[in-house]
Amino acid sequence: MTAQTCPRQHQRTTMEIASLEPSLYTVKAVFILDNDGNRLLSKYYDKELYPSMKEQKNFEKNVFNKTHKADNEIAFVEGMTIVYKCSIDLFFYVVGSAQENELMLMAVLNCLFESLGQILRKNVERRCLLDNMDGVFLVVDEIIDGGVILESDPQQVIQKVNYRADENPLSEQSVAQIMQSAKEQIKWSILK
């Protein structure tokens with residue numbers, strides 16, 4: 001062994017170990033596809049992984065083609081660990097690196113699925129999801145922020161999402177109240 005090969009081996013080993021170190025940035029992407037493989041929602045947290053929309057859609061199509069007829073819950077596609085679940089006409093995916101713990105990714109997927117089930121009143125299907133996209137994005141944002149898992153308990157997520165909805169000063173009820181008040185003011189101004 002020469003003195004020149006030893007530093008290279010040490011450098012390679014150090015780099016391999018560094019890539020296996022734990023990180024808070026667990027989730028690389030989350031996406032929901034319909035039963036035709038069309039994107040309904042996607043959030044990519046690693047901008048270097050698939051930087052363009054075209055690359056993202058190609059990755060999603062590749063993942064869908066490998067998983068939509070499979071009866072598994074986990075797949076390894078393009079060097080990524082992917083956990084997934086289907087419901088009626090939707091496919092839910094959580095993507096992590098090849099070294100990522102599948103149980104952590106599955107906890108995120110289950111939290112997402114159960115939280116959406118509660119928000120959509122057990123109607124986890126395409127039409128209901130599209131009708132409630134604002135709530136769906138809130139749920140995703142409460143579970144994951146920038147690839148970091150914030151919450152894995154669906155009850156906590158629902159509680160936070162409901163709290164945010166209650167904070168909104170222009171909820172449906174308050175908009176209706178404002179409209180009614182405006183109608184009454186117009187009526188009184190006309191009568192005067």
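This section describes the fold, the confidence and the salt bridges of a predicted model.

The chain comprises seven helices and seven strands. Read from the N terminus, these elements follow the order α-β-β-α-β-β-β-α-α-α-β-β-α-α. Of the 192 residues in the chain, 37% are buried. The exposed surface of the chain amounts to about 12400 Å², of which carbon and sulfur atoms supply 52%. Among contacts with a separation of 6 or more, 51% involve residues 24 or more positions apart.

Confidence in the prediction varies along the chain. The mean pLDDT is 78, and 72% of the residues reach 70 or more. In residues 1–18 the pLDDT is below 50, and this stretch has two contacts in the model beyond near neighbours in sequence. The pLDDT is also below 50 over residues 165–171, a stretch for which the model shows three contacts beyond near neighbours in sequence.

Five strands form an open sheet in the order S2-S1-S5-S4-S3, with antiparallel pairing. S2 and strand S3 (74–77) occupy the edges and each have a single partner strand, so one side of each is left without a neighbour in the sheet. On average, and with direction ignored, neighbouring strands of this sheet are turned by 20 degrees against each other. Strand S1 (residues 27–34) and S2 run antiparallel and are joined by five bridges. Leu33 is placed opposite Arg39 in S2.

Helices pack on this framework. Helix H3 (residues 102–119) packs on the sheet and touches S1, S3, strand S4 (80–87) and strand S5 (90–97). The direction of H3 makes about 25 degrees with that of S4. H5 lies across S1 and S2, and runs at about 30 degrees to S2.

Side chains of opposite charge can pair when their charged atoms come close. Seven salt bridges are present in the structure. One of them links Asp141 to Lys43, with the closest N and O atoms 2.5 Å apart. Because Asp141 belongs to helix H5 (residues 133–143) and Lys43 to strand S2 (residues 39–44), the pair ties together parts that are 98 residues apart in sequence. H5 is thus linked to S2 through this salt bridge, in addition to lying across S1 and S2. Both partners are classed as partly exposed: the relative accessibility is 30% for Asp141 and 23% for Lys43.

A further salt bridge connects Glu125 and Arg127, whose closest N and O atoms are 3.7 Å apart. Glu125 is partly exposed, with a relative accessible area of 23%, whereas Arg127 is exposed at 53%. These two residues also belong to a network of salt bridges that includes Asp131.

Glu151 and Lys160 likewise meet through their side chains in a salt bridge, at 3.5 Å from N to O. In this pair, Glu151 has a relative accessibility of 16% and therefore counts as buried, the cut-off being under 20%. Its partner Lys160 is partly exposed, with a relative accessible area of 34%.

Key:
Residues are numbered from 1 along each chain as its sequence is written. This is a predicted model: local features need pLDDT of at least 70, side-chain atom pairs count only at pLDDT 80 or more; totals for chains, interfaces and linings use all residues. Side-chain values use heavy atoms; hydrogens and water are left out. A salt bridge is a side-chain nitrogen of Lys or Arg within 4 Å of a carboxyl oxygen of Asp or Glu. Helices (H or I, at least four residues) and strands (E, at least two) are DSSP runs, numbered from the N terminus. Buried means under 20% relative accessible area, exposed over 50%, partly exposed in between (1.4 Å probe, protein chains only). Contact means heavy atoms within 4.5 Å. Accessible areas come from the Shrake-Rupley method with a 1.4 Å probe; for residues, only the protein chains shown count as cover. pLDDT is the predictor's confidence in each residue, from 0 to 100. Two strands pair if DSSP finds at least two bridges between them. Axes are lines fitted to C-alpha atoms, for helices over the stretch in contact, and angles run from 0 to 180 degrees between N-to-C directions.
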